[in-house]
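Look over the sequence and the structure first. The paragraphs below then go from the inside of the model to its surface.

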Amino acid sequence: MNRIAFSFVVAALALGPVGRVWADDPPTKEQIDAAKKAFGEGKQLHDAGKLPDAIDKFKESYRLSKNPVLLYNIALTLDENKQADSALFYYRKFLSDAPADAAQRKPAEDRVKVLENDKLNSEMSGKTGDDSDTKPKKHSSTKYTAADFKHNVVEEAPPNKPLDISATIPDGADLSVVLYYRAAGQAEFVAKPMKWHDTEVVARIPAAKVAGSALQYYIEVKDSTGAKLTSSGKPTSPNMINIDPAAAEHSYSDFVDDMPVKEPKKHKDDEDPMGGGTQTGDETGPKDSGETPAGPTGTGMFDAGSHKFEITKWSVTGGAVLFVGLTVVFDVMAGSQASALVQDAQRTSCTPHCTFDSYDASIQSAGERDETLSRVSLGLGIAGAVVAGYFWYRDLTHHTGGGTEPTPEPAVVVVPTLGNDTYGAAAAVRF
């Protein structure tokens with residue numbers, strides 16, 4: 001069944017979208033080509049048994065092409081990876097979006113019936129379809145079950161916008177609901193308690209963390225005794241959010257995000273192949289570490305903490321050092337030319353009325369040139385030092401900031417020094 005499904009999608013990608021009415025602009029040729037590439041990589045990962053990575057590639061292919069047939073491949077791979085709840089979501093989405101004559105519709109319908117029946121039986125026994133851990137669990141003595149927790153998986157979100165993840169639990173329930181999320185380039189999950197907002201519990205992922213191409217998250221629900229009741233996703237198989245500028249924003253304008261961020265407790269048995277970090281929260285729960293530490297607020301060259309900022313800071317610093325070094329070199333060369341003129345005059349016993357020969361003229365020209373280059377290099381070095389000082393100041397306040405006092409603006413002072421035989425300048429940056 002797997003090979004038939006995969007070969008069909010390859011054909012669908014080659015021909016373009018099948019039976020789809022596009023709400024927005026259709027994908028470009030570049031997006032289709034990228035979707036084919038992502039699908040091919042996903043199929044190789046699937047055949048190699050690397051199902052979590054294959055799921056990510058199939059989702060990427062769907063995000064680029066919006067071909068509904070790919071939803072079946074995502075669901076099928078999730079199903080094989082024992083992620084029953086997520087698989088059920090994608091099977092249903094496939095049945096909703098795919099053409100009526102899609103070849104996979106019948107097996108998808110059959111599988112939905114099986115998963116729904118399994119889900120019902122699991123909920124009645126207090127288990128969840130995605131929980132395949134073999135570690136012993138605490139038994140809950142609460143009156144609530146997994147069926148009392150509902151969450152619609154977020155599939156996509158726009159970049160640089162706050163992202164509110166919501167779920168529903170019984171009104172007044174004494175349950176602990178925690179969101180764990182991991183941004184692009186982040187090794188470990190960050191925990192954030194979900195709090196009541198109207199009839200839901202909500203936790204916000206800051207806009208600065210909604211960046212890159214994808215975001216991972218999962219939710220854990222525990223009862224008053226600390227026993228795990230259910231979850232949506234796990235550290236080893238989290239929910240994946242594609243970051244897409246065309247996606248609709250998921251946030252509440254009246255939601256006040258004042259909950260502290262909690263760093264998760266590490267455990268060596270829960271290694272995450274997706275990011276190389278470790279995390280659980282199944283034992284004694286996450287340890288509160290206060291508010292999120294200061295971090296980059298953007299990705300531009302003037303956003304302290306970003307990769308481009310670091311490159312710019314060191315480039316400007318290196319340029320300033322280079323120009324100061326050239327100033328010294330050119331100044332020494334000009335001094336050497338002047339000494340050569342004096343020595344030549346002493347050797348030839350030139351009278352006060354004699355003129356320079358071609359040798360003297362060339363030395364004089366070279367000396368004037370080196371002196372001019374020395375002055376230009378000095379000016380550029382001073383300017384570079386001032387700019388570098390600004391970047392280092394921004395970097396220093398970025399790492400040590402966070403107090404309640406306002407940060408003073410830097411003041412730059414440049415004082416030139418000129419004389420008959422000397423020239424230069426002094427620069428200072430007041431923090």
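**From the core to the surface**

In this predicted model, Leu179 touches Ile165, Val190, Ala191, Lys192, Met194, Ala203, Ile205, Tyr217, Tyr218 and Ile219, leaving aside residues up to four places away in sequence. Leu179 is one of the residues with the most contacts inside the largest nonpolar core, which has 28 residues. The others named for this are Leu163, Ile165, Met194, Tyr217 and Ile241. Five strands each supply at least two residues of this core: E2 (163–167), E3 (176–182), E6 (200–205), E7 (214–222) and E9 (239–243). The largest share, four residues, comes from E7. A second, separate core has 24 residues, among them Tyr62, Tyr72, Leu88 and Ala102. In soluble globular proteins, nonpolar side chains tend to be buried together.

A charged residue can also be found inside. Arg182 lies in strand E3 and counts as buried because its relative accessible area is 4%, under the 20% limit. What does the side chain of Arg182 reach? One partner is the backbone oxygen of Ala187, at 3.1 Å. Another is the side chain of Gln216, joined to that of Arg182 by a polar contact of 2.3 Å.

Next come the salt bridges, of which the whole structure has 12. Two of them can be followed in helix H2. The side chains of Lys37 and Glu41 meet at 2.6 Å, N to O. These two residues are about one helical turn apart, because they are four residues apart in helix H2 (residues 29–47). Lys37 is exposed, with a relative accessible area of 54%, whereas Glu41, at 24%, is partly exposed. Lys37 and Glu41 also belong to a network of salt bridges that includes Lys57 and Glu60. The other pair is Asp47 and Lys43, whose closest N and O atoms are 3.1 Å apart. This pair, too, is four residues apart in helix H2, about one turn. Asp47 is exposed at 52%, and Lys43 is partly exposed at 27%.

Asp79 and Arg111 form a salt bridge of 2.4 Å, N to O. Asp79 is in helix H4 (residues 70–80) and Arg111 in helix H6 (residues 105–125), so the pair ties together parts that are 32 residues apart in sequence. Asp79 counts as buried at 12% relative accessibility, while Arg111 is partly exposed at 28%.

Finally, nonpolar residues also appear on the surface: Val324, Val328 and Val332 make a nonpolar patch of about 250 Å². Val328 lies in helix H7 (residues 307–348).

Notes. Residues are numbered from 1 along each chain as its sequence is written. This is a predicted model: local features need pLDDT of at least 70, side-chain atom pairs count only at pLDDT 80 or more; totals for chains, interfaces and linings use all residues. Side-chain values use heavy atoms; hydrogens and water are left out. Patches are made of residues with over 30% relative accessible area and no salt bridge: like charges are joined within 9 Å, nonpolar side chains (Val, Leu, Ile, Met, Phe, Trp, Tyr) within 5 Å. Accessible areas come from the Shrake-Rupley method with a 1.4 Å probe; for residues, only the protein chains shown count as cover. A salt bridge is a side-chain nitrogen of Lys or Arg within 4 Å of a carboxyl oxygen of Asp or Glu. A nonpolar core is a set of buried Ala, Val, Leu, Ile, Met, Phe, Trp, Tyr and Cys residues joined through side-chain atoms within 4.5 Å. Buried means under 20% relative accessible area, exposed over 50%, partly exposed in between (1.4 Å probe, protein chains only). Contact means heavy atoms within 4.5 Å. A polar contact is a pair of N or O atoms within 3.5 Å; within protein, one must be able to donate a hydrogen and the other to accept it, and residues adjacent in sequence count only if both atoms are side-chain atoms.
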